[in-house]
Amino acid sequence: MKKVIFLLLDGARVDILDKLLESNRLPILKELIKNGTYKKAISVFPSTTGPAYLPFLMGTYPGKANMPGIRWLDKLSFADNPNSSNSHRSYVGYENKYFNNDIKKSIKSIFEHVPNSISIFNEITRGLKNGNDLTKYSKNYYKMLSHFYGSDLIDKVAFNKLIKSIDDEKQFYFSCFYSIDSLSHIEGSNTEKIKKLYEDFDLNLGVLIQNLKDKKYYDDTLIIVTSDHGHSDTYKHFDLATYFEKKNNNVFYYPLTYKKLYKKFNSSVMVSGNSMAHIYLSDNFDWSKQFDITKYELLINDLMSNEAVDILSCKNRKGEIVVISNSGKAIINDKESSIFYQPLEDDPFEYNIKEGLYSEQELLNLTFNSKYPDSIIQLLQIFKSNRCGDIVVSAKKGWDFRERFEIPEHKSSHGSLREEHMKVPIITNRKIKTNDAIRTVDLYPTVLAFIDKTLKFQTDGKKLDIY
Ligand SMILES: [Zn+2]
């Protein structure tokens, strides 16, 4: 029986992996790549734990799954009743329990296609058989140790549980390794201590592979090592909520959401990662009215004049997406069968793409090696969610959007459209053959095809051929 072992090295940086591989510090991965594949792929926007897991487990983009960030506001629900349980969310904290329920109901998880699956330290468990979430009761404890103290115990526990769970019956194993991400936030993502975590992973991978060989499973097993996003060190914070408060706004944001009990709000800021944020604006305290770009030109100009803001996007009155950066301005328009991209002045992403109609794959290929890989498609997908902000901002290198209530302070961040956050590794023990650039969303149909599950519906990704 064919097996897939999916190892998610949360927050792993491709540039660090490259350097460690070059200097022979990851011998097991190096050997794996020799007979297999090492490709770089584009994750999703926001490049943040949670939303960026959706391509792997649901085969879709965060916007289409209605999961546009780790914090969001639903303007219409908020207009209706700010106290309703669906009006706003933060998955950092106790509202995390709503995660599975918040994902669009019509989208099937990989666990529904492959019922004999195992999940370790993963939050997306829709469709997973009872008893197969091996960390159902312990994940909060280990994640807390990892988040606040940078403990690497969580990765050791994950490997132990994974190796013990491998048997004749199970076909798909999904295991998350959080310590690189957690420690990166705490002390920066390019330290010697972090590099040691990559080495620990490599060592444990060796034990896992030996175990698979001993049990005679290895030849029928596809091993995937990947990540949901990268990381880049943060030197300055621009607290967006404070920015709005200073402009005399009544701002709704986490963790001070209890203020809704006695206060009305005219704006809201929801940060993810922390290098991206959704900004929601009411029309004079009326949250039911649609955003009108013409009323916010001053605000948009002011935001763009701030050193921290890199890319700003919002919808115009025609429903097209407007992209603004200090380099230029462009319009993105989804024409269903193709995408119309129109740089108005200079290109905001400095792409050098002519105005015209393109396919999703063409846009990925054309932008893959740029500073903002795949941003056109990524902005299109995030604005498909009705929980998406009226204005979406992505931070400049070295910056993020949250300071006051972030404990511990973030020394490294992710979430933005920049390549440091969007480009991730895909390493497999088998050959993947494709001339096209790839996205993490391509793994879902690829995994299902490998374990002989025929898909009767379209997914957002393309199936990659595995040899
Ligand atoms: Zn992550």
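Me: When do two strands count as paired?

Reply: Two strands pair if DSSP finds at least two bridges between them; strands (E, at least two residues) and helices (H or I, at least four) are DSSP runs, numbered from the N terminus. This is a predicted model, in which local features need pLDDT of at least 70, side-chain atom pairs count only at pLDDT 80 or more, and totals for chains, interfaces and linings use all residues. Residues are numbered from 1 along each chain as its sequence is written. Here, strand E7 (residues 221–226) runs antiparallel to E21, joined by three bridges, and Val-225 has Ile-427 as its bridge partner in E21.

Me: Which strand pairs with E21 over six bridges?

Reply: Strand E2 (residues 37–42) does, in the antiparallel sense. Thr-37 has Thr-428 as its bridge partner in E21.

Me: Which way do the residues of E21 point?

Reply: In a regular strand the side chains alternate between the two faces of the sheet. In E21, Lys-423, Pro-425 and Ile-427 point one way, Val-424, Ile-426 and Thr-428 the other, and all are buried (20 or more other C-beta atoms within 10 Å of a residue's own, with C-beta atoms placed from the backbone; 12 or fewer is exposed, in between is partly exposed).

Me: How is the span of helix H10 to be read?

Reply: The expected span of a helix is 1.5 Å times one less than its number of residues. The 23 residues of H10 should therefore span 33 Å, and the end C-alpha atoms are 33 Å apart, in agreement. Buried residues of H10 include Ile-194, Leu-197, Phe-201 and Leu-208. After H10 comes Lys-216, with a positive phi near 65 degrees.
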